[in-house]
Amino acid sequence: GYLFGEDVTSQFCHANGVDLIARAHQLVMEGYKKMFDDKLVTVWSAPNYCYRCGNVAAILELDDGLVAHFKVFQASREEFGEEGGMGRKRPGAAPEYFL
């Protein structure tokens, strides 16, 4: 992977005629994170990643005018074993395959 900052992001957007770079595959505890004057957004769609991170997740939707909207959600109740669920551990408790 590559690390880049606001200057490279702005240059890339200008050179390519885009307003937003949307990326994924990096854990963001809040589900999504905007950076560099809203030119870059990271979206993470796996709540409570690996059953231990306690993060929320998000989905990015673009409307017909290309305005970004985020839907943020928690892990399902079944993930935590509530109300007859699958019995997995609560956030912070590592599953057996991590031990």
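In this predicted model, Glu 61 is partly exposed, with a relative accessibility of 36%. Its salt-bridge partner is Lys 71. The closest N and O atoms of this pair lie 3.6 Å apart. The contact joins distant parts of the chain. Glu 61 sits in strand β4, which spans residues 57–62. Lys 71 belongs to strand β5, made up of residues 68–73. The two residues are 10 residues apart. Lys 71 is likewise partly exposed, at a relative accessible area of 47%.

A search of the whole structure returned 2 salt bridges. Another salt bridge connects Asp 37 with Lys 39. Here the closest N and O atoms are 3.8 Å apart. This pair qualifies because the cut-off for a salt bridge is 4 Å. Asp 37 is exposed, with 61% relative accessibility. Lys 39 has a relative accessible area of 22%. Lys 39 therefore counts as partly exposed, since buried means under 20%.

The surface also carries a nonpolar patch. Tyr 2, Phe 4 and Val 8 form this patch. Together, the three residues present about 360 Å² of accessible area. Val 8 lies in helix α1, which covers residues 6–16. The relative accessible area of Val 8 is 40%, so this residue is classed as partly exposed. Val 8 thus meets the patch criterion of over 30% relative accessible area.

Definitions and conventions. Residues are numbered from 1 along each chain as its sequence is written. This is a predicted model: local features need pLDDT of at least 70, side-chain atom pairs count only at pLDDT 80 or more; totals for chains, interfaces and linings use all residues. Side-chain values use heavy atoms; hydrogens and water are left out. A salt bridge is a side-chain nitrogen of Lys or Arg within 4 Å of a carboxyl oxygen of Asp or Glu. Buried means under 20% relative accessible area, exposed over 50%, partly exposed in between (1.4 Å probe, protein chains only). Helices (H or I, at least four residues) and strands (E, at least two) are DSSP runs, numbered from the N terminus. Patches are made of residues with over 30% relative accessible area and no salt bridge: like charges are joined within 9 Å, nonpolar side chains (Val, Leu, Ile, Met, Phe, Trp, Tyr) within 5 Å. Accessible areas come from the Shrake-Rupley method with a 1.4 Å probe; for residues, only the protein chains shown count as cover.
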